[in-house]
Each structure stands twice: as C-alpha cells, then as structure tokens.
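Q: Could you go through this structure with me, setting each value against the definition behind it?

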Amino acid sequence: MLEVEGLEAGYGGTTVLRGIDLRVDEGEIVAVLGANGVGKTTLNTVLSGVLPARGGEIRFDGVRIDRLADRRIVEAGLIHVPEGRRIFPNMSVIENLELGCYRRGRANRAANLERVFTTFPRLRERASQLAGTLSGGEQQMLAIGRGLMGEPRLLILDEPSLGLSPLLVEEMFELIKRLNREGLAIMLVEQNVVQSLEIAARAYVIENGVVALSGAAREVAADPDLRRIYLGL
Ligand code: ATP
C-alpha cells in the first residue's frame, strides 16, 4: 500500500533522513520508532507532502506521491494526524471535524460524522463546545476524528499517546486496534515503544537517518539492539 524507498530529507544544510526504506501493507498496523529527534516527525511531514523529499521515492498503491501537493495525498486516502494535536482552539468541535472533509470525505459527510461520533461519544456530547476547552485526551480524539472525516485508507498517527495519562494511553491504543480491526491500515509513529510493539504487526526503528532495525514487532521487541538504540549505549 505505502512503499518508501531510499527516502532522503532535511532542512537547509542538515540531512535528517539518509535513505529510509519501509512499507505498510493493506490492513496492517506498522510501528515506526526511534529516539527523540531522530526524524520521525520529519518522515511524516515528507509523507504528507508538506516537506519535499531530497531523494528516493514514495509510492501509494503503486503511484508515486512524492511530488504531489499535500491535498492530493489526502485525497488519495493517506491521512496524517499530526503530533501536538493541531486542532483549532477557537472553533467548535464540529467545525474542526468538518475541516477534515476533503473532496474524498465530503460526499459522505453526514455518515462520516456519525461514524466519528460513534467512535468518540465524548465528541458528540461536546460537538458545539470550543475545541480549545477540551481536555488533552479529548483534543487528541478530535485530531484523530478529523483525520477519519477524510475517509483514510492509511492513517499516519504521530505520537498519539504523547501527554496522555496512563489510563488514556491504554484507551488510545485500544482505539487504534479497533480502527485497524475495522479495516484501516495504520502507521503508528511513537515514542511509546512497549505498547506500540504490542499492537503492531511489524516495526521499523530509525537511527542515524536510516532504518536500523525492522521486522515482526515481536522480534523487534526481543532484539537486544532495541535497548542499545533507545539507551544510546
Ligand atoms: P521528537 O520525537 O523529539 O519529536 P523526531 O524524531 O520527530 O523528534 P524531528 O522533529 O523530525 O525528530 O527532528 C529531526 C531533526 O531535524 C532534529 O535534529 C531537529 O532539530 C531537526 N529539525 C526539525 N524540524 C526542523 C526545521 N524546521 N528546521 C531545521 N531543523 C529541523
């Protein structure tokens, strides 16, 4: 479904990604892990068409998307939920959700909204409330809900558990599993290594701008290199 080959990216004179290879297949949860500052957000920004790639290829359903505008990538069904939630605090919950309706989601707007409200009953209760008044966990739900409004086929989640209490982190991972069971492919970019590896089928660990470790999540979890990468030993 998503294929990334030899991807290079950076800022000015700095190279962050030095040839990343990874793929996400239909219906999979794939974890992309890496220590702080390794370039996970940079990878997502390139995948979503916001930062241009400096080299390599990105294909979605076999079609190159690394030269497409961000809007076209969303319309193809690859939707990125950014870290830090990036909701619009002075707009209501429902207005924020409607912003997630691109050309793809618009025809089924009402059905998509109903699906989001069924998934997140809290958002239904708070539909007319200003988004900035939601709790951190609710804002995270809103960000994911907004992503769902565009009818993704692959959802890229950037640190969805960041800043949540342990209980909400549990709920977030349950939700990700549920969305996946409903047929959505998910690329989970996380710092939370243990829980991500529990729900993912496969995983990639980035170090020094390349994939240093990859394979079945169970194997990655047991790999001694994982500790070395995270503890920097
Ligand atoms: P974290 O998990 O801490 O968010 P990350 O793995 O997502 O980190 P990135 O945010 O992609 O890492 O950053 C990778 C490197 O690129 C860092 O050294 C960072 O300082 C640098 N960087 C990120 N954004 C920019 C930018 N807009 N301009 C210049 N350098 C940047």
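A: We can begin with Ile206, which is found in strand β9, where strands (E, at least two residues) and helices (H or I, at least four residues) are DSSP runs numbered from the N terminus. The model is a predicted one, in which local features need pLDDT of at least 70 and side-chain atom pairs count only at pLDDT 80 or more, while totals for chains, interfaces and linings use all residues. Residues are numbered from 1 along each chain as its sequence is written, and side-chain values use heavy atoms, with hydrogens and water left out.

Q: Why is Ile206 called buried or exposed, whichever applies?
A: Buried means under 20% relative accessible area, exposed over 50%, and partly exposed in between (1.4 Å probe, protein chains only). Ile206 has a relative accessible area of 1%, and is therefore buried. Its C-alpha atom and that of Ile20 are separated by 8.3 Å, although the two residues are 186 apart along the chain.

Q: What makes Ser135 count as buried, partly exposed or exposed?
A: The relative accessibility of Ser135 is 38%, so the residue counts as partly exposed. Ser135 is found in the loop between α6 (121-125) and α7, and its C-alpha atom is separated by 9.8 Å from that of Leu164, 29 residues away along the chain.

Q: How do you know that the span of helix α7 agrees with its number of residues?
A: The expected span of a helix is 1.5 Å times one less than its number of residues. For the 14 residues of α7 (residues 136-149) this gives 20 Å, and because the end C-alpha atoms are 20 Å apart, the two values agree. The helix is also mostly covered, with 13 of its 14 residues buried.

Q: What is the phi of Glu151, just after α7?
A: Glu151 takes a positive phi of about 55° although it is not a glycine, and it lies in the loop between α7 and β7 (154-158). Asn208 likewise is not a glycine and has a positive phi, of about 50°. Asn208 is found in the loop between β9 (202-207) and β10 (210-216), and at 59% relative accessibility it counts as exposed.

Q: Why are the buried residues of α8 said to be on the same side?
A: Helix α8 (residues 166-181) has 16 residues and reaches 23 Å from its first C-alpha to its last, close to the 22 Å expected. Its buried residues are Val169, Met172, Phe173, Leu175, Ile176, Leu179 and Asn180. They cover an arc of only 155° around the axis, which puts them on the same side of α8, the arc being that of the directions from the helix axis to the C-beta atoms. An α-helix has 3.6 residues a turn, so residues three or four places apart point the same way.

Q: Which exposed residues does the face of α8 turned away from its buried side carry?
A: That face carries Leu167 and Arg181. Arg181 has a relative accessible area of 61%, and therefore is exposed; its C-alpha atom is separated by 8.0 Å from that of Gly27, 154 residues away along the chain.

Q: What puts the buried residues of α5 on the same side?
A: The buried residues of α5 are Asn112, Leu113, Val116, Phe117 and Thr119. They cover an arc of only 160° around the axis, and so are on the same side of α5. On the other side, Ala110 and Ala111 are exposed. Phe117, in this helix (residues 109-119), has a relative accessible area of 7% and is therefore buried.

Q: Which residues are closest to the ligand?
A: A residue is near a molecule or strand if one of its heavy atoms lies within 4 Å of it. The ligand is surrounded by 13 residues, of which the closest are Gly37, Gly39, Lys40, Thr41 and Thr42. Helix α1 (residues 40-47) gives the most to this shell, with 3 residues.

Q: What makes the pair of Thr41 and the ligand a polar contact?
A: A polar contact is a pair of N or O atoms within 3.5 Å; within protein, one must be able to donate a hydrogen and the other to accept it, and residues adjacent in sequence count only if both atoms are side-chain atoms. A polar side-chain atom of Thr41 lies 2.6 Å from an oxygen atom of the ligand, and a polar side-chain atom of Glu159 lies 3.3 Å from a ligand oxygen.
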